[in-house]
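Dear colleague,

Please find below the structure that you are taking over. My notes on what was found in it follow.

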Amino acid sequence: MSEPREIAAHAETVIDGLWHWSIANSAIGGATSSSQALAVEGGCVLVDPIQLAPEAFAALPRPTAIVLTAKCHQRSAWRYRRELGADVWAPAGAAAGDEEPDRRYAEGDVLPGGLRAIRTPGPEPIHYCLLREEAPRILFCSDLLMGDGDGGLAFVPGEFHDDPAETRRSVERLAELRFDVLCLDHGTPITEDPRGAIEALIAA
């Protein structure tokens, strides 16, 4: 998906060194679209960035890399690449986006920020989640899951996925991972028992 027109007014601290911001995205019917920034030595890594108001953006560590989980989440990546000179990382084999990324990654690769790429097909064939394995362990979940508005989780509606059954299998694989924080591309991060939230959704 190309860049949304909405701009987030501010970023919130999730835990030390992790920030979150979101918009009501008119391109997807006003549903929430979210982004994160993860602190690294000398700056931060942007994950699936939507545009953040300049004064709020300036309060973050300077971004040194931009990581995209799927073609559909290119969002404001190209804008920030032009402004910052930061490399954009995108999945190998994904369909062409609005611009060509600087680097491609595949299953198991370790990306800037110590993020390990985990292929999670379902929303589209080339779709990834990202796991920071250093404590506190953070899972960045793309289009598999969304916030349910009550602090829990829901599956992203099946009509937006190429293969909803594969999406469910990908979520079941995520439940086997160890992580302390769950960051969503469509919702507020979960810091209290995020694996339990996924397991509850699967069981339901």
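**The largest pocket**

The largest pocket is lined by 30 residues, and those nearest its centre are Ile28, Thr32, Asp143, Val156 and His186. Please bear in mind throughout that the model is a predicted one. The space in this pocket comes to about 570 Å³. By class, its lining comprises 12 nonpolar, 12 polar and six charged residues. Two strands, E3 (31-40) and E12 (145-147), each supply at least two residues of that lining. The largest share comes from E3, with three residues.

**The cavity**

A search of the whole structure returned one cavity of 30 Å³ or more. It holds about 80 Å³ of space. Thirteen residues line this cavity, with Lys71, Ala90, Ala95, Gly97 and Arg104 lying nearest its centre. Of the lining residues, eight are nonpolar, two polar and three charged.

**Strands and their pairing**

In general, the strands of a sheet pair through backbone hydrogen bonds, in either a parallel or an antiparallel sense. Here, an open sheet of five strands runs in the order E8-E9-E10-E11-E14, and its pairing is mixed. Its edge strands are E8 (110-111) and E14 (181-184), each of which pairs on one side only. Within the sheet, strand E9 (residues 115-119) and strand E10 (residues 128-132) are antiparallel and share five bridges. One of the residues involved is Ala117, whose bridge partner in E10 is Leu130.

Towards the start of the numbering, strand E1 (residues 12-15) pairs with strand E2 (residues 18-25), again in the antiparallel sense, over three bridges. Thr13 has Trp19 in E2 as its bridge partner. The hairpin of E1 and E2 has two residues between the strands, and Gly17 takes a positive phi there, near 85°.

**Aromatic pairs**

The structure contains two aromatic pairs. Phe57 and Tyr80 are stacked, at 4.4 Å centre to centre and with 0° between the planes. This pair links distant parts of the chain, since Phe57 belongs to helix H1 (residues 54-58) and Tyr80 to helix H2 (residues 77-84), 23 residues apart. Phe57 is buried, with a relative accessible area of 11%, and Tyr80 is buried at 2%.

The other pair, Tyr105 with Tyr128, is edge-to-face, at 5.0 Å centre to centre and with 70° between the planes. Because Tyr105 lies in strand E7 (residues 103-105) and Tyr128 in strand E10, the pair ties together parts that are 23 residues apart in sequence. Tyr105 counts as buried at 1% relative accessibility, as does Tyr128 at 4%.

**Cysteines**

How many disulfides does the model contain? The count comes to zero. Cys72 is in no disulfide, and the nearest cysteine sulfur to it, that of Cys129, is 11 Å away. For Cys129, the closest cysteine sulfur is that of Cys141, at 4.0 Å; this is too far for a bond, because a disulfide requires the two sulfur atoms to lie within 2.5 Å. Cys72 counts as buried at 19% relative accessibility, because the cut-off for that class is under 20%. Cys129 is also counted as buried, at 0%.

**Backbone points to check**

Most residues other than glycine have a negative phi, and most peptide bonds are trans. The following places depart from that pattern.

- A cis peptide bond joins Ala135 and Pro136, with omega at about -10°. Pro136 is found in the loop between E10 and strand E11 (138-141).
- Asp48 has a positive phi, near 50°, and is not a glycine. Asp48 sits in the loop between strand E4 (43-47) and H1, and it is buried, with a relative accessible area of 0%.
- Arg75 likewise has a positive phi in a residue other than glycine, near 45°. The place of Arg75 is in the loop between strand E5 (63-67) and H2, and Arg75 counts as buried at 5% relative accessibility.

With kind regards

How values were computed: Residues numbered from 1 in each chain as written. Predicted model: local features only at pLDDT ≥ 70, side-chain atom pairs only at ≥ 80, totals over all residues. Heavy atoms only, no water. 1 Å grid on protein atoms, 1.4 Å probe; cavity = no way out; pocket = protein on both sides within 12 Å on 5 of 7 lines; lining within 4 Å. Points joined across faces, edges and corners; volume = space filled by probe spheres on them. Nonpolar A, V, L, I, M, F, W, Y, C, P; charged D, E, K, R; others polar. Pairing = 2+ DSSP bridges. Helix = DSSP H or I, 4+ residues; strand = E, 2+ residues; numbered from the N terminus. Phe/Tyr/Trp six-rings, centres within 6.5 Å; stacked < 30°, edge-to-face > 60°. Buried < 20%, exposed > 50% of the residue type's maximum accessible area, 1.4 Å probe, protein only.
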